[in-house]
Amino acid sequence: MARLFHSDRSVRYGLLFATSTSLLIVALIFLFLGKEALPFLANPGLTQLLGTRWIPVSFDAGSFGIVPLFTGTLLVTSLSLVLTVPLGIGAAVYIAELAAPWERRILRPLMELLTAIPTVVIGFFGLVVLGPWIKYLCALPSGMNALTASLLLAVMAFPTVVSVSEEAIRGVPAAWKRPSLALGATPLQTTWRVTVPAAAPGILAAVSLGAGRVVGETMVVLMVTGNAAQLTLWPLKSVRTMTATIALEMGEVALGSHHYRALFCIGVLLLGVTFGLNLVAQRALSRQTQSH
Amino acid sequence: MVSGGQDRDAPSKIVVDELDFWYGTRQVLHGINLRIPARRITALIGPSNCGKSTFLHTLNRMHEIVADTRLSGTILLDGQDIHHPAVDVVALRRRVGVVFQHSNPFPKSVFDNVAYGPRLQGIRQREALSEIVQRSLQQVGLWDEVKDRLARHAWDLSGGQQQRLSIARALAVDPDVLLLDEPAAALDPRATVHIEDLIGQLCERYTVVVVTHNMQQAARVSHFTAFFYEGRLIETGPTNRIFSNPREQQTDEYITGRFH
């Protein structure tokens with residue numbers, strides 16, 4: 001018996017180790033990013049980061065203002081959410097409440113298929129198809145801008161928004177819909193006035209997860225935003241996101257330089273934002289399950 | 001027993017004729033004939049799965065939200081066939097309200113719960129809504145308890161209060177008929193007494209049909225009782241007669257507790 005207990009315990013510790021590994025890795029990444037980024041705050045200092053110009057390579061001292069990169073990410077993210085959230089919630093309502101079973105059987109896997117497309121393929125499509133269209137339609141010198149990127153990112157965030165919202169909508173108990181129907185509401189009125197509001201926390205989680213996906217996305221924005229680090233909130237201008245900046249510049253940067261440390265500061269900010277979005281999503285989801 | 005229990009002359013509000021009902025291929029109601037008198041309380045009793053709840057739901061066509069059901073026979077409400085193609089089911093459900101056993105107030109404020117039905121009818125003015133909300137809550141005796149917290153979430157109320165809120169929600173659309181599906185099954189004894197008193201008052205204005213598996217409750221609140229067993233209506237009559245002198249052996253066995 002004693003031996004059995006012994007092996008039982010070792011299995012337990014083994015599993016605990018496996019579980020903690022991921023936690024450990026997250027902690028290490030935070031530590032590593034912090035360690036590489038922090039020296040920048042001492043010299044050249046935080047005010048440098050808050051500047052509005054990102055010119056890291058220059059004959060005299062570079063400028064490391066990450067504000068235009070932040071607004072670039074902000075613009076692309078919010079624009080893609082504006083496009084994808086109403087559509088995504090609409091699609092989720094349709095699949096959860098209105099679709100016939102056979103439609104559901106077709107639509108769900110198709111949606112999942114969208115996540116299977118490699119991001120570089122989506123970027124490629126943007127580069128050779130969507131970008132030129134936008135250029136032509138808006139009479140621009142170049143189609144590589146925030147709008148093009150947002151359209152593609154909207155497509156990428158769509159499945160996340162739909163599947164998480166749909167789950168929340170399906171989770172609303174029939175006991176809440178029945179009284180609404182019994183009061184003379186049509187099924188559609190019941191959906192809009194009872195089901196969707198009741199699923200609001202889950203839908204918020206869906207939007208946060210979708211936003212997290214867009215904020216962290218690198219390949220597509222690298223390919224189609226134009227990568228001009230300018231401070232703008234106009235969708236038809238080229239922008240550069242935080243992710244693209246790290247991807248573009250980290251490979252060639254001198255180890256330990258100000259530029260190197262500035263890139264790590266961007267990394268910390270990026271991680272903070274996605275971490276925050278995930279936290280919002282998780283809290284919203286737990287609220288959704290509690291309320292049932 | 002409520003006074004008026006002997007009153008056989010009340011006009012019929014609902015007349016059910018030869019009603020059969022199927023879930024898929026399973027027949028759950030067999031040839032039900034029943035007349036439900038206006039402004040009286042009719043109790044539907046019987047063991048679990050005897051068809052009494054299903055029957056209740058056919059009275060405002062709530063069975064239609066379940067897929068694959070079939071119905072034959074007629075149900076007349078004020079002489080009009082409620083399954084006639086020209087009948088608007090939405091309008092029907094406004095005339096015939098339901099309160100469910102687990103009626104779960106909507107995840108909204110007390111005010112918005114009661115105002116839900118009137119808003120569906122297009123009433124938007126705050127004063128008009130406030131008036132309806134106050135009247136409905138007064139009718140169920142909840143107004144004095146909640147008038148200072150109408151904006152609070154409905155789930156902050158106690159179980160008994162939530163059930164009265166559900167009744168107020170059904171009354172807010174000003175129905176003729178109120179169907180109550182085991183309205184006190186999930187409540188503690190005190191809240192149950194409260195609901196039963198309320199049901200007694202409601203029949204002054206409404207035709208009430210109440211499903212209950214609690215025979216004492218049926219005896220206490222209703223004027224008429226219909227006993228269902230295995231999808232058939234075994235016996236119906238004034239409540240005091242059913243409970244004191246049942247004609248059918250099955251009724252007798254059920255009300256004396258020999259089977260459940």
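Colleague: What percentage of the 260 residues in chain B is buried?
Modeller: This is a predicted model, so every value here is computed from it. A residue is called buried if 20 or more other C-beta atoms lie within 10 Å of its own. In chain B, with its 260 residues, the buried share is 45%.

Colleague: What is the radius of gyration of chain B, and what would a compact globule have?
Modeller: Start with the rule: for 260 residues, a compact globule would be near 18 Å. Chain B agrees with that, because its own radius of gyration is 18 Å.

Colleague: How many helices and strands are there in chain B?
Modeller: Take the box first. The C-alpha atoms of chain B fill roughly 55 × 40 × 35 Å along the principal axes. Inside chain B the count is 10 helices and 10 strands.

Colleague: In what order do the six strands of the open sheet in chain B stand?
Modeller: Strands pair through backbone hydrogen bonds, either parallel or antiparallel. In this open sheet the pairing is mixed. The order in chain B is S6-S7-S8-S3-S9-S10.

Colleague: Which strands of chain B stand at the edges of that sheet?
Modeller: An edge strand has a single partner strand, so one side is left without a neighbour in the sheet. In chain B, that describes S6 and S10 (232–238).

Colleague: Which residue stands opposite B:Ile45?
Modeller: Strand S3 of chain B covers residues 41–45, and four bridges join it to strand S9 (residues 224–229) of chain B. The two run parallel. Opposite B:Ile45, in S9(B), stands B:Phe227.

Colleague: Which helix of chain B packs on the sheet, touching S3, S7 and S8?
Modeller: Its direction makes about 150 degrees with that of S8(B). It spans residues 189–202 of chain B. The helix is H7.

Colleague: How many residues of each class are on the side of chain B that touches chain A?
Modeller: The contact takes 20 residues from chain B and 14 residues from chain A. Elements giving two or more residues on the chain B side include helix H3 (110–120) and helix H6 (159–171). By class, that side has three charged, seven polar and 10 nonpolar residues.

Colleague: What is the handedness of the crossing where H2(A) passes H5(A)?
Modeller: Two packed helices are described by the angle and the distance between their axes. For helix H2 (residues 67–98) and helix H5 (residues 146–170) of chain A, the axes come within 6 Å and cross at roughly 35 degrees. The contact of H2(A) with H5(A) has 23 nonpolar, five polar and three charged residues. The crossing of H2(A) and H5(A) is right-handed.

Methods: Residues numbered from 1 in each chain as written. Chains lettered and ligands numbered in written order. Predicted model: local features only at pLDDT ≥ 70, side-chain atom pairs only at ≥ 80, totals over all residues. Rg over C-alpha atoms; globule rule 2.2 N^0.38 Å. Buried ≥ 20, exposed ≤ 12 C-beta atoms within 10 Å, placed from the backbone. Contact = placed C-beta atoms within 7 Å. Nonpolar A, V, L, I, M, F, W, Y, C, P; charged D, E, K, R; others polar. Pairing = 2+ DSSP bridges. Axes fitted to C-alpha atoms, helices over the stretch in contact; angles between N-to-C directions. Left-handed = near helix turned anticlockwise from the far one by under 90°.
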